[in-house]
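User: I would like to go through the terms used for this model and see what backs each one.

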Amino acid sequence: MNKTITALVPVKGSSMRLPGKNILPFGNSNLLLHKIEQLKEVEGLTDIIVSSDSDEMLEIAEKAGVAVLKRPMKYADESVPFGEFLDYLCKVLPNEHIMWACVTSPLVGPYLYNKAIKLYFEKLKEGYDSLITCLPCQSYYMDENGPINFSMGMEHKNSEQLDPIYHFTNGINIAPKDKIAAWHYNYGPRAFRLLVNKREAVDIDDMYDYICAKAMYEME
């Protein structure tokens, strides 16, 4: 089995909910540099490539010593289907496998990446088609029709007794490039779920997430 892996770091120049999100201050640098330095410590990666429409972010990545890929403006537009962006990436990225490594998951570090890569190749042999990180959640969830994962009345359970629902964290996704092209998605229907804790599951989407991530990081 070919085990070459591209670690893809996708960073758009703009963010509607949190302007300049991908290069906000974090640790001793910013979110983009923080992720690059984490990935440099990961064994088994063939390439680290930063994809962006932002010249500023590409320059940061180049100065940090990793490869860059200028993203066509078409694929920086959120109205373009995600699958089309993935089709483009599969045509231009090297190596047989792609690991999605988002800067918005700054508490996913080298240890977890190394663990995920090792597990990924083991799980492919067992019939799984990809690997993703998930956070098991045991909380009370409802939709417009009422309870989703619990019962009311005499059958009510304490939260720790509920069957977990799995939150996809977007922290680590790994899949074969040819499969990504076929699925038009970056993981498959038989993805192995690598369970993570609340700290590792942090995904920065807005200012509240960012503040929480910084606080957790500084607790180390």
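Analyst: Start with burial: buried means under 20% relative accessible area, exposed over 50%, and partly exposed in between (1.4 Å probe, protein chains only). The model is predicted, so local features need pLDDT of at least 70 and side-chain atom pairs count only at pLDDT 80 or more, while totals for chains, interfaces and linings use all residues. Residues are numbered from 1 along each chain as its sequence is written, and side-chain values use heavy atoms, with hydrogens and water left out.

User: Why is Asn186 called buried?

Analyst: Its relative accessibility is 5%. The limit is under 20%, so Asn186 is buried.

User: What is Asn186 in contact with, beyond its neighbours within four places in sequence?

Analyst: Contact means heavy atoms within 4.5 Å. Asn186 has such contacts with Phe82, Leu86, Trp100, Asn173, Ala175 and Ile180. Leu86 is 100 residues away along the chain, yet the two C-alpha atoms are separated by 7.3 Å.

User: How do you know that Cys90 has no disulfide bond to Cys102?

Analyst: A disulfide is a pair of cysteine sulfur atoms within 2.5 Å. The closest cysteine sulfur to that of Cys90 is in Cys102, 15 Å away, so it is too far for a bond. Cys102 is in no disulfide either; its nearest cysteine sulfur, in Cys134, is 14 Å away. The count is 0 disulfides.

User: Are these two cysteines, Cys90 and Cys102, buried or exposed?

Analyst: Cys90 has a relative accessible area of 12%, so it is buried. Cys102, at 7%, is buried as well.
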